[in-house]
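Colleague: I'm new to this one, so could you pick a single part and take me through it slowly? Plain talk is fine.

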Amino acid sequence: MPTPLNHATSWRRPFALFLGIALAAMLIVVAHPASAGALTIRSAKATTPGSSTQIEVSAASDSGITKITARLRLYGKDPFGTVEDFELVSGTATDGIWRTSQPVSLETAIVYVDVDATDASGATLTRNSAGSIDRRAKARFSEFTASPSSVDIDHDTVTYAGRLVYEDKDGSEHGIPGASLCLALEGNCISEGTTDSNGRFSSPVRLGLGPNSTYAVQRNAVALYYGSAHYGLATSPWGHLWLRPQQTRLSIGFSSQPKVIGDSVRVTGRLEREIAAGRWAGLPDQHLDIYTYDSDTQKNTLVATARTGSDGSYSKSVVVPQATQWSVSFPVRRTSDGGFEIGPYAPTNKGVDRVIVSQYRTSISRFALSPNPVGKGTQITASALLTKRTATGAALPVKTGYVDLQFSKDKKHWSWAGQSTPGANGQLQVRATAVSSGYWRLVYDGWEHRNLESVSATAHATVKYRTAISSLNAKPEPVRKGKTITVSGVLKRYTSAWHPLKAKVNIYFRAHGSKTWSYVGTAGADSHGKWHKGFKARKDGSWMAKYQGTSVYLPATSAQDYVDVR
């Protein structure tokens, strides 16, 4: 496992402690007997670079400084040298700069300068670490690589390798052995390494890439050396790492072809990732978007989302919309601020290779025939409502196309009888001539390429011969009360022409001011269709005759005749 990023501070603790102690030491001031008054030691420094230099001390005192002494030491060790040949080179004895008359040889390290200052009053002030002189050897990484340069979520181990060296006084390079290194990514230590006897190192490092890491980006690997008492800090060149998202692929299919709008189909397929060249594995627990596109509206629509199972497969029930193409997408990842980023797996999408035009299911409802029974040779009217069903289940009127009226005697063999087009609200009325009893239906041809054909239910209509009662007459008119009124007429039937019909007719009377007809008697027609019947005149009123019809003949109703009874 990689070292957590917050462990980066562990590499700085020894160095920070080292500097903290040194800084604290610089603030230690020792006053010797006799009043030090305003005796002050400001600083101590080297005048020139290199291993040999003069040392300058800045100090001040109200009574004038009479002597400067400097002790040279390494951190945490006793002084390795003391110098007293300081001469005033600038300012005055009360406020000036003192410098050694001869150069001082320094060790290859950080040399701390402790200073004693004595003034004319006899007071002596000591300031430890009045200055420090860094004469450590310059360290650098002569070599550095981070390989492989391309990593992914399954292959995130990178080998940090290189060499840490320093130059001696003669300019020759030497490896720095036993050096502790911070192996970092973007400046954060994620592992550690140690140089061998020749200053070389080679350490495998887990980058700790995970599903929440950002990919398709470049990151910088670097080795850091925080220095030591004898060697300075060093930073390696950058090693560029490409955080590569794994390639993915999708498949898409259907439980049944999505051809009918409003039907439910199951969209199925599998999301896979390339774990090695040419090797693919299912990618589980991933979000997918299912889209449709319609060439008529030119709109893309997100119709459903799905999540892959443990083997990368997905299955989602979708209500078929108006569409011509289907696709599934493994999208880029959204960030918390509404942006986008690439996750460990590259986005991809897959569309169905062919065009699938979804169509509306149409329906012919409220089918009825009128009149029924119908007279032979007369018009029969078929009425209905033509609608189509949307993806939401709503019924919309179909306003275009042609609807045929078909007839069959046996419900097996159908013949064309009439045609019409739907009205603005999908209403249908189709007329045809009724010739014989049988079955009727309406057939919608689909017409528009987005509408499916549909057939209504069947309805039976009975065809009978027409009949009529003509020449109805009630006489005499007017008539005296109590006298006889004779009601007569002619009953006839129509086949290919009108012929007399020998049958019975019922006679009805409605008194003046009444709304109700009353049956009053029956008369039989002779072979010429003629009939008559006598009644005693009692009230003013109207007379009428009706023929009830049979299985062959339609009923008939005569006109009315009003008689005034006085």
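Modeller: Let's go to the link of Cys 182 and Cys 189: the turn about its S-S bond is -115°, and that makes the link left-handed. Keep in mind that we're looking at a predicted model. The two sulfurs of Cys 182 and Cys 189 sit 1.7 Å apart, and the pair is joined as a disulfide. In general terms, a disulfide is a covalent bond between the sulfur atoms of two cysteines. If you go hunting for others, a search of the whole structure turns up 1 disulfide.

Are the two ends of this link buried or exposed? Cys 182 has 0% relative accessibility, so it counts as buried, the cut-off being under 20%. Cys 189 comes out at 1% relative accessibility, and therefore Cys 189 is buried as well.

While you have the model open, have a look at the sheet too. Here 4 strands make an open sheet, and going across you meet them in the order 2-4-8-7, with antiparallel pairing. Strand 2 (40-46) and strand 7 (86-92) are the edges, each with a partner on one side only. On average, neighbouring strands in this sheet are turned by 20° against each other, ignoring direction. For a closer view, follow strand 7 to its partner, strand 8 (residues 95-100): the two pair in the antiparallel sense over 6 bridges. A handy spot to find there is Thr 92, which stands opposite Asp 95 in strand 8.

Note on methods. Residues are numbered from 1 along each chain as its sequence is written. This is a predicted model: local features need pLDDT of at least 70, side-chain atom pairs count only at pLDDT 80 or more; totals for chains, interfaces and linings use all residues. Side-chain values use heavy atoms; hydrogens and water are left out. Two strands pair if DSSP finds at least two bridges between them. Axes are lines fitted to C-alpha atoms, for helices over the stretch in contact, and angles run from 0 to 180 degrees between N-to-C directions. A disulfide is a pair of cysteine sulfur atoms within 2.5 Å. Buried means under 20% relative accessible area, exposed over 50%, partly exposed in between (1.4 Å probe, protein chains only).
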